[in-house]
Amino acid sequence: MQTQDTPPQENFKRTMKVRHLVMLSLGGVIGTGLFFNTGYIISTTGAAGTLLAYLIGALVVWLVMVCLGELAVAMPETGAFHVYAARYLSPATGYTVAWLYWLTWTVALGSSLTAAGFCMQYWFPSVPVWTWCLVFCIAIYLLNIVSTRFFAEGEFWFSIIKVITIIAFIILGAGAIFGFIPMKDGSAAPGLHNLTASGWLPHGTLPILMTMVAVNFAFSGTELIGIAAGETEQPQKALPLAIRTTVARLIIFFIGTVFVLAALIPMDQAGIVKSPFVLVFEKIGIPYAADIFNFVILTAILSAANSGLYASGRMLWSLANEKTLPRCFARVNRRGIPVLALTVSMIGGLLALFSSVIAPDTVFVALSAISGFAVVAVWLSICASHYVFRRRHLQAGGSLQQLAYRAPLYPLTPILGFLLCLLACVGLAFDPSQRIALWCGIPFVLFCYAAYHVTQRRKSSLKAEEANDVA
């Protein structure tokens, strides 16, 4: 147990290796957003619009990750984002960023478990989604409280399965597009017909802006590298390598996957109740392919939920470690696990139960939008923190050579990253199905700022009273 005299940070174990770090990030990304949200994006923007949206999303991810890389290599800490925001923007901003990131993954946990319930309904249509959500809630929680090394090793193999699946999907899908693999109904290979069947941009360019948060939600998880920095062996070597390999693989996997999906699924058949991956393999004449991929997608989504609980629990721990939450949240057990923080974060699983009972298809989009808004707000803080960090480092007499990892093209990198993230948030206002993210997200941000100032004022008054008593 955490003792009063022992700093919480000392009880975290540096047990993650480079392979764990890379696969943790890939595991967080390749999940609900890619496997389910892509169908929503295709139905909204069309095939060409989806490809363009994901290319812009890949650029945003690269910009944010190189900014985060410079910060995390210079200051590897668990729960890094809000520490950087508090140090280089303001303490209130750091507090708000921490709660936003907690919201990101707690809500994403809910949407992931709902998506897992959709997968199970493919085989068991009569069993309600919430039943499966409850089963997976318990399984994910138990996996996280065993040990960090056990969690990281499990996530490594989960992610390996996902990566192999994505590669197989791209190869088999390309074979179906160009006629090497027959279609199940005997129809001709679609070729590139579906990419332009409804026009290059059937609804214009506005839907691309409207879906950018959904795209960013699909890419969210790359920043887990920063979260896990404090539990990684030799972070100065591991972090730059993890960032380079993760971003490169994501661009290949996502763009290749989206191209195959857009080419094989007509715009009017795309949606979210059934994964577009399963929809594709129902069309291809490979026996049991849809069942196999549904199972793999299920494990992939549970893997993303696993990463999500890890991230949200560490963020609560980090808030307590910075003394902005009660100290009980900073306690870790003898295996280095913040059990209370993980337990409270599991509220996202309960949210999944609630959403899957009411209206799983519509609530899923809303949950994804709220989570997407929160992660884009965190990315905004990463870009802004990096911009201020580099300036202060040079103003204090430091040199660029002292930075073990440097983001290229500074100051363009953080500025462009910030502007593109801000533009994605603006796009939410134009989409009625995602607008709830603004109605929930903006008040949440204001509430966090207000809560910080109230709690700080209370702390100051308590300290003043203690000083008067001593006097």
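Visitor: Where does Pro-411 lie?
Guide: In this predicted model, Pro-411 sits in the loop that runs between helix 16 (360–395) and helix 17 (412–427). The peptide bond leading into Pro-411 from Tyr-410 is cis, its omega being near 5°.

Visitor: What can you tell me about the phi of Leu-409?
Guide: Leu-409 has a positive phi, about 60°, although this residue is not a glycine. Leu-409, too, is in the loop between helix 16 and helix 17.

Visitor: Why is Leu-409 called exposed?
Guide: The cut-off for exposed is over 50% relative accessible area. Leu-409 has a relative accessibility of 57%, so it counts as exposed.

Visitor: And why is Leu-142 called partly exposed?
Guide: That term covers values between under 20%, which is buried, and over 50%, which is exposed. Leu-142 has a relative accessible area of 46%, so it is partly exposed. Leu-142 belongs to helix 5 (residues 129–146).

Visitor: Which residues form the nonpolar patch on the surface with Leu-142?
Guide: Its partners are Trp-130, Leu-134 and Ile-138, and together the four have about 370 Å² of accessible area. Membership needs over 30% relative accessible area, and Leu-142 has 46%.

Visitor: How do you know that helix 4 is largely enclosed by the rest of the structure?
Guide: Buried means under 20% relative accessible area. Of the 33 residues of helix 4, 29 are buried, so this helix is largely enclosed.

Visitor: What span does helix 4 reach, and what is expected?
Guide: Helix 4 (residues 91–123) reaches 49 Å from its first C-alpha to its last. At 1.5 Å a residue, 48 Å is expected, so the span is close to that value.

Technical notes:
Residues are numbered from 1 along each chain as its sequence is written. This is a predicted model: local features need pLDDT of at least 70, side-chain atom pairs count only at pLDDT 80 or more; totals for chains, interfaces and linings use all residues. Side-chain values use heavy atoms; hydrogens and water are left out. Helices (H or I, at least four residues) and strands (E, at least two) are DSSP runs, numbered from the N terminus. Buried means under 20% relative accessible area, exposed over 50%, partly exposed in between (1.4 Å probe, protein chains only). Patches are made of residues with over 30% relative accessible area and no salt bridge: like charges are joined within 9 Å, nonpolar side chains (Val, Leu, Ile, Met, Phe, Trp, Tyr) within 5 Å. Accessible areas come from the Shrake-Rupley method with a 1.4 Å probe; for residues, only the protein chains shown count as cover. A salt bridge is a side-chain nitrogen of Lys or Arg within 4 Å of a carboxyl oxygen of Asp or Glu.
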